[in-house]
2 protein chains.
Amino acid sequence: MPRLVMKFGGTSVATVDRIRNVARHVAREVRAGYEVAVVVSAMSGKTNELVAWCKEASPLYAQSEYDAVVASGEQVTSGLLAIVLNEMGLKARSWQGWQIPIETSDQHGSARIQTIDGARLDAGFKRGEVAVIAGFQGIHPETGRLTTLGRGGSDTSAVAIAAAIGAERCDIYTDVDGVYTTDPRVEPDARRLSKISFEEMLEMASLGSKVLQIRSVEFAGKYKVPLRVLSSFTPWDIDINEEAKSGTLITFEEDETMEQAVVSGIAFNRDEAKISVLGVPDKPGIAYHILGAVADANIEVDVIIQNLSKDGKTDFSFTVNRNEYARTVDLLKAKVLPSLGATDIVGDTKICKVSIVGIGMRSHVGVASKMFRVLSEEGINIQMISTSEIKTSVVIDEKYMELAVRALHKAFDLDQPAA
Amino acid sequence: MPRLVMKFGGTSVATVDRIRNVARHVAREVRAGYEVAVVVSAMSGKTNELVAWCKEASPLYAQSEYDAVVASGEQVTSGLLAIVLNEMGLKARSWQGWQIPIETSDQHGSARIQTIDGARLDAGFKRGEVAVIAGFQGIHPETGRLTTLGRGGSDTSAVAIAAAIGAERCDIYTDVDGVYTTDPRVEPDARRLSKISFEEMLEMASLGSKVLQIRSVEFAGKYKVPLRVLSSFTPWDIDINEEAKSGTLITFEEDETMEQAVVSGIAFNRDEAKISVLGVPDKPGIAYHILGAVADANIEVDVIIQNLSKDGKTDFSFTVNRNEYARTVDLLKAKVLPSLGATDIVGDTKICKVSIVGIGMRSHVGVASKMFRVLSEEGINIQMISTSEIKTSVVIDEKYMELAVRALHKAFDLDQPAA
């Protein structure tokens with residue numbers, strides 16, 4: 001029998017009534033002939049409550065104890081869903097991470113899944129049981145201690161389990177009904193994409209679309225698990241497998257319909273800040289000199305630009321997370337400015353990054369220049385540009401963000417139904 | 001190093017602040033030179049919340065899933081206490097039942113502890129760690145599933161762990177500061193007993209004193225673990241090991257001070273109801289005929305009396321839990337009355353049982369008759385009498401309960417400090 005993993009997040013299981021709704025979605029797939037593993041998060045709000053207790057106990061809490069406390073949230077949901085499924089006449093049992101086991105590294109609080117033994121789950125499927133799995137948690141094999149995967153880790157659990165049991169697909173049920181061409185709160189004409197390629201989704205996730213955790217998308221890529229994003233609030237009795245009706249399939253097949261759209265979506269974020277080192281002597285090693293110091297301080301750098309050199313001097317710019325802005329500037333002033341002989345460090349926290357994403361960009365020329373033209377027509381100045389094979393990102397003044405997103409959305413016909 | 005088990009109930013760990021207070025009690029014992037295992041219950045109210053969710057999920061919930069849900073409460077407390085102990089500069093780690101492991105039977109919801117492997121706890125003590133153990137829970141070795149021991153099971157966990165690690169004593173911290181000569185809400189002159197024998201405690205617990213779960217006392221008896229009942233709300237910085245100051249030691253040594261008091265305490269309960277089968281033909285097998293049917297329906301019987309026979313007929317009376325009264329009467333009327341040829345079934349739910357308990361009764365004659373005299377002087381009619389080596393129980397009209405308790409408390413000098 002084909003296998004399916006279904007994952008439900010915290011808002012989808014926030015009350016026993018909502019858990020009942022989840023059970024109806026599960027029952028539909030069982031009736032459709034799947035062996036189903038359901039991965040659940042903690043009831044909405046519970047994880048926050050547990051985290052607050054840990055912090056109240058000590059701001060310097062041991063991550064291993066934090067994991068023991070916080071993993072209890074998913075344990076509760078898994079048991080409750082199993083009870084509801086039983087009541088609906090389905091065989092089901094709950095599985096904690098350590099019972100399967102899902103073995104992880106020992107980085108408590110942000111552990112990485114290492115191996116999942118599917119044998120016990122297989123035996124459960126043979127007994128006709130739905131496997132109800134507590135997401136977000138695992139066990140470190142050497143210490144035997146509970147671990148958690150960090151926020152959003154249930155998505156990663158679901159994908160890893162799908163790979164381990166050879167599931168046909170992993171359906172991620174959330175509070176939005178799919179991946180959109182852009183955020184509908186910014187562009188009301190944004191459309192749900194019924195399909196998106198894995199690579200596009202990876203770019204969308206990394207560029208600021210919050211629908212899926214980037215780690216779960218990476219995992220899906222590594223193990224070639226097709227994903228689908230769906231809303232748990234869609235009626236449970238529609239034929240959810242009819243693509244047009246619900247959700248977004250994240251696929252590894254690049255079929256013709258996909259090629260037709262050059263740009264699939266517009267991503268954006270305003271979490272970044274720009275920093276420029278001015279008047280840097282243009283000699284080998286300056287990028288390493290500057291960014292090495294930043295990396296040593298565990299600060300992640302995103303867009304990086306080195307300007308053309310003039311009179312043996314150049315300017316070097318990059319973006320970091322806005323929370324790291326002050327720390328980065330202080331660090332550069334203390335450690336890099338004197339030794340490098342640069343003129344000054346300047347920065348700007350009022351920026352945003354807007355990106356167009358689409359695998360069609362591979363085979364179409366002029367997509368980036370069309371983006372630049374559209375922005376120029378709106379009078380928006382581009383401060384930095386960064387490109388990859390399937391996306392082009394620009395850094396612009398934060399106040400133009402909505403304008404840029406809407407203009408690009410329209411210019412690339414994203415408000416039109418796919419041909 | 002000597003070892004000590006300390007157990008804290010739900011009200012003692014109801015908030016992070018109270019958990020901090022618990023940690024101070026633990027730190028005191030560590031400083032006193034003990035290797036300490038702490039057993040904790042779920043935060044007060046949490047178990048009820050979890051149970052309510054299970055019932056909401058389905059009134060017919062599977063006990064195995066109930067266990068997965070409910071065991072999470074103790075998991076949270078164990079992690080939080082470990083965090084607080086760490087903050088106080090003590091090495092500590094949390095242990096779930098399955099991590100030790102505490103192996104139980106598979107009677108989910110009321111599992112019985114079968115074996116506890118102390119090896120991992122030993123290794124923890126060698127590393128200088130306080131072991132913070134989630135009470136109430138275990139694992140069934142064959143299925144690998146979580147089990148719980150039933151309400152009050154954390155006391156049983158504590159005693160069983162004390163036996164497994166060879167602890168010198170098991171201290172049960174609760175919201176009362178010891179075992180009293182009787183319930184202070186009924187007799188304000190009731191005194192805390194600084195010592196009580198194990199057998200007396202067993203009688204007190206079974207007769208209605210709610211300080212300790214009877215199963216934990218039985219367990220303590222089986223494994224010869226001395227118990228002490230203490231209040232977690234006593235100041236944590238007094239010398240708690242000075243017996244006179246706090247708590248009640250439940251001991252296996254019967255020393256001289258104990259012999260001096262003929263009666264150690266007055267227990268009572270009003271949870272029972274009396275049922276009489278009238279006009280039963282007095283022939284062999286009637287007790288079995290009546291009580292066999294009751295036992296088959298899983299109804300527990302307490303006091304049993306068979307009256308003197310008269311004209312070949314007798315009356316047969318016994319008590320059951322008040323909740324089972326109606327069911328038992330119905331059962332007897334349907335199944336026993338016709339086949340037995342008895343005249344009638346009558347009953348009374350407005351009764352109570354009052355008992356005097358004391359190992360001194362072994363070596364003193366006339367204790368029971370003194371009890372009967374005291375009650376007679378108060379005009380209290382005795383309906384049933386039941387005796388054992390160290391207790392005498394009477395069933396009387398419920399309305400005389402307080403009067404009987406106070407009169408007996410005074411008559412046996414329980415309001416006077418021990419000589």
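Trainee: Which hand is assigned to the crossing of α10(A) and α11(A), left-handed or right-handed, and how do you know?

Mentor: The crossing of α10(A) and α11(A) is right-handed, a term used when the near helix is turned clockwise from the far one by less than a right angle, whereas an anticlockwise turn makes a crossing left-handed. This is a predicted model, in which local features need pLDDT of at least 70 and side-chain atom pairs count only at pLDDT 80 or more, while totals for chains, interfaces and linings use all residues. Residues are numbered from 1 along each chain as its sequence is written, and chains are lettered from A and ligands numbered from 1 in the order in which they are written.

Trainee: At what angle do α10 and α11 of chain A pack, and how far apart are their axes?

Mentor: Helix α10 (residues 286–296) and helix α11 (residues 325–340) of chain A pack at an angle of about 145°, and their axes are 10 Å apart. The axes are lines fitted to C-alpha atoms, for helices over the stretch in contact, and the angle runs from 0 to 180 degrees between N-to-C directions. The helices themselves are DSSP runs of H or I with at least four residues, strands being runs of E with at least two, and both are numbered from the N terminus.

Trainee: Which residues make that contact, and how do they divide by class?

Mentor: On α10(A) the contact residues are A:Ile286, A:His289, A:Ile290, A:Ala293 and A:Val294, and on α11(A) they are A:Thr328, A:Leu331, A:Lys335, A:Val336 and A:Leu340, where contact requires C-beta atoms, placed from the backbone, to lie within 7 Å. By class there are seven nonpolar, two polar and one charged residues, with Ala, Val, Leu, Ile, Met, Phe, Trp, Tyr, Cys and Pro counted as nonpolar, Asp, Glu, Lys and Arg as charged, and the others, Gly among them, as polar.

Trainee: Why are α7(B) and α8(B) called roughly antiparallel?

Mentor: Helix α7 (residues 198–207) and helix α8 (residues 214–223) of chain B pack at an angle of about 160°, with axes 9 Å apart. Angles under 35 degrees count as roughly parallel, over 145 as roughly antiparallel, 65 to 115 as roughly perpendicular and the rest as oblique, and α7(B) and α8(B) are therefore roughly antiparallel to each other. The crossing in which α7(B) passes α8(B) is left-handed.

Trainee: What makes α4(A) roughly parallel to α2(B)?

Mentor: Helix α4 (residues 72–87) of chain A packs against helix α2 (residues 46–57) of chain B at an angle of about 25°, the axes lying 8 Å apart, and that value makes the pair roughly parallel. The contact joins A:Val76, A:Leu80, A:Ile83 and A:Val84 of α4(A) to B:Leu50, B:Trp53, B:Cys54 and B:Ala57 of α2(B); by class it has eight nonpolar, no polar and no charged residues.

Trainee: How do you know that the two copies are related as by a two-fold rotation axis?

Mentor: Chain A can be laid on chain B with an RMSD of 0.2 Å by a turn of 180° and a shift of 0.0 Å along the axis, and the two copies are thus related as by a two-fold rotation axis. The superposition is by least squares on the C-alpha atoms of residues with pLDDT of at least 70 in both copies. Of the residues of chain A, A:Ser72 comes closest to that axis, with its C-alpha at 2.5 Å.

Trainee: Why is it said that the copies meet through the same surface?

Mentor: It is said because 100% of the interface residues of chain A are also interface residues in chain B. In the interface, 28 residues of chain A are in contact with 28 residues of chain B, and the largest share of the side of chain A, 11 residues, comes from α4(A). That side divides into 16 nonpolar, nine polar and three charged residues.

Trainee: Which peptide bond involving A:Pro101 is cis, and where is this proline found?

Mentor: The bond joining A:Ile100 and A:Pro101 is cis, with omega about -15°, and A:Pro101 is found in the loop between β3 (92–95) and β4 (102–104) of chain A. A cis peptide bond also joins B:Ile100 and B:Pro101, again with omega about -15°. Most peptide bonds, by contrast, are trans.

Key: Contact = placed C-beta atoms within 7 Å.
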